[in-house]
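Thanks for coming. I will put one structure on the screen and walk through it from a single residue outwards.

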Amino acid sequence: MAIRFPAITHAKQLLGRSANQSASNFKDVPKGHLAVYVGEGQKKRFIVPVALLNKSSFQKLLRKAEEEFGFNHPMGAITIPCREDIFIDLTSS
């Protein structure tokens, strides 16, 4: 006698489908990196190593992004509301 969990099966199908769709959009992001959009007006996409998540300066930028956008990022990835030159200076130091 088998027990079926149709809701779980359906959820797995949805997750698998959305994972495949997002994977096709982010094939150019290498393992150990993440894509972020930076800019105040025009947004530019940057690929950054996940090691930046440990830097306090990057964590401040993430908090600023959370305050402005919450968890609804209009670009589909993390959107950081700061100027590109500031972002480059913070991430390169």
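Let me start with a question: does Leu 62 count as buried, partly exposed or exposed, and at what relative accessibility? Keep in mind that what you see is a predicted model. Leu 62 lies in helix α2. Its relative accessibility is 23%, so Leu 62 counts as partly exposed. The cut-off that matters here is that buried means under 20% relative accessible area. As for its surroundings, Leu 62 is in contact with Leu 53 and Ile 78, leaving aside neighbours within four places in sequence. Ile 78 is 16 residues away from Leu 62 along the chain, and the C-alpha atoms of the two are separated by 8.3 Å.

Now the overall layout. There are three helices and three strands in the protein. Read from the N terminus, the elements go α-β-β-α-β-α. Of the 93 residues, 23% are buried. The accessible surface is about 6900 Å², and carbon and sulfur atoms hold 57% of that. If we take the contacts with a separation of 6 or more, 44% of them are between residues 24 or more positions apart.

Next, the sheet. In general, strands of a sheet pair through backbone hydrogen bonds, and the pairing is either parallel or antiparallel. Here the three strands form an open sheet in the order β2-β1-β3, and the pairing is mixed. β2 and β3 are at the edges with a single partner strand each, so each has one side without a neighbour in the sheet. From one strand to the next, the twist averages 40°.

Take the two pairings in turn. β1 and β2 run antiparallel and are joined by six bridges. Along this pairing, Leu 34 is opposite Val 48 of β2, and Tyr 37 is opposite Arg 45 of β2. The two strands form a hairpin with five residues between them. In that turn, Gly 39 has a positive phi of about 145°. On the other side, β1 and β3 pair in the parallel sense, over three bridges. Val 36 stands opposite Ile 78 in β3, and Tyr 37 has Thr 79 of β3 as its bridge partner. How many of the six residues of β1 are buried? Five are, and the strand is mostly covered.

Now the helices around the sheet. α3, residues 84-92, lies across β1, β2 and β3, and runs at about 5° to β2. What about the two helices against each other? Two packed helices are described by the angle between their axes and the distance between the axes. For α2 and α3, the angle is about 145° and the axes are 8 Å apart. On the α2 side, the contact is made by Ser 57, Phe 58 and Leu 61. On the α3 side, the residues are Phe 87, Leu 90 and Thr 91. By class, that contact has four nonpolar residues, two polar residues and no charged ones.

That brings us to the interior. Which residues make up the largest nonpolar core? There are 11 in all: Leu 34, Val 36, Val 38, Phe 46, Val 48, Leu 52, Phe 58, Leu 61, Ile 80, Cys 82 and Phe 87. At least two of these residues come from each of β1 (33-38), β2 (44-49) and α2 (56-69). β1 gives the most, with three residues.

One member of the core is worth following on the screen, namely Cys 82. Which residues does Cys 82 touch, not counting those up to four places away in sequence? They are Val 38, Gly 39, Glu 40, Leu 61, Lys 64 and Phe 87.

To recap: the sheet has the order β2-β1-β3, α3 lies across its strands, and the largest nonpolar core has 11 residues. Leu 62, where we began, counts as partly exposed. That is the end of the walk-through, and I can go back to any part of it.

Methods:
Residues are numbered from 1 along each chain as its sequence is written. This is a predicted model: local features need pLDDT of at least 70, side-chain atom pairs count only at pLDDT 80 or more; totals for chains, interfaces and linings use all residues. Side-chain values use heavy atoms; hydrogens and water are left out. A nonpolar core is a set of buried Ala, Val, Leu, Ile, Met, Phe, Trp, Tyr and Cys residues joined through side-chain atoms within 4.5 Å. Buried means under 20% relative accessible area, exposed over 50%, partly exposed in between (1.4 Å probe, protein chains only). Helices (H or I, at least four residues) and strands (E, at least two) are DSSP runs, numbered from the N terminus. Contact means heavy atoms within 4.5 Å. Accessible areas come from the Shrake-Rupley method with a 1.4 Å probe; for residues, only the protein chains shown count as cover. Two strands pair if DSSP finds at least two bridges between them. Axes are lines fitted to C-alpha atoms, for helices over the stretch in contact, and angles run from 0 to 180 degrees between N-to-C directions. Ala, Val, Leu, Ile, Met, Phe, Trp, Tyr, Cys and Pro count as nonpolar, Asp, Glu, Lys and Arg as charged, and the others, Gly among them, as polar.
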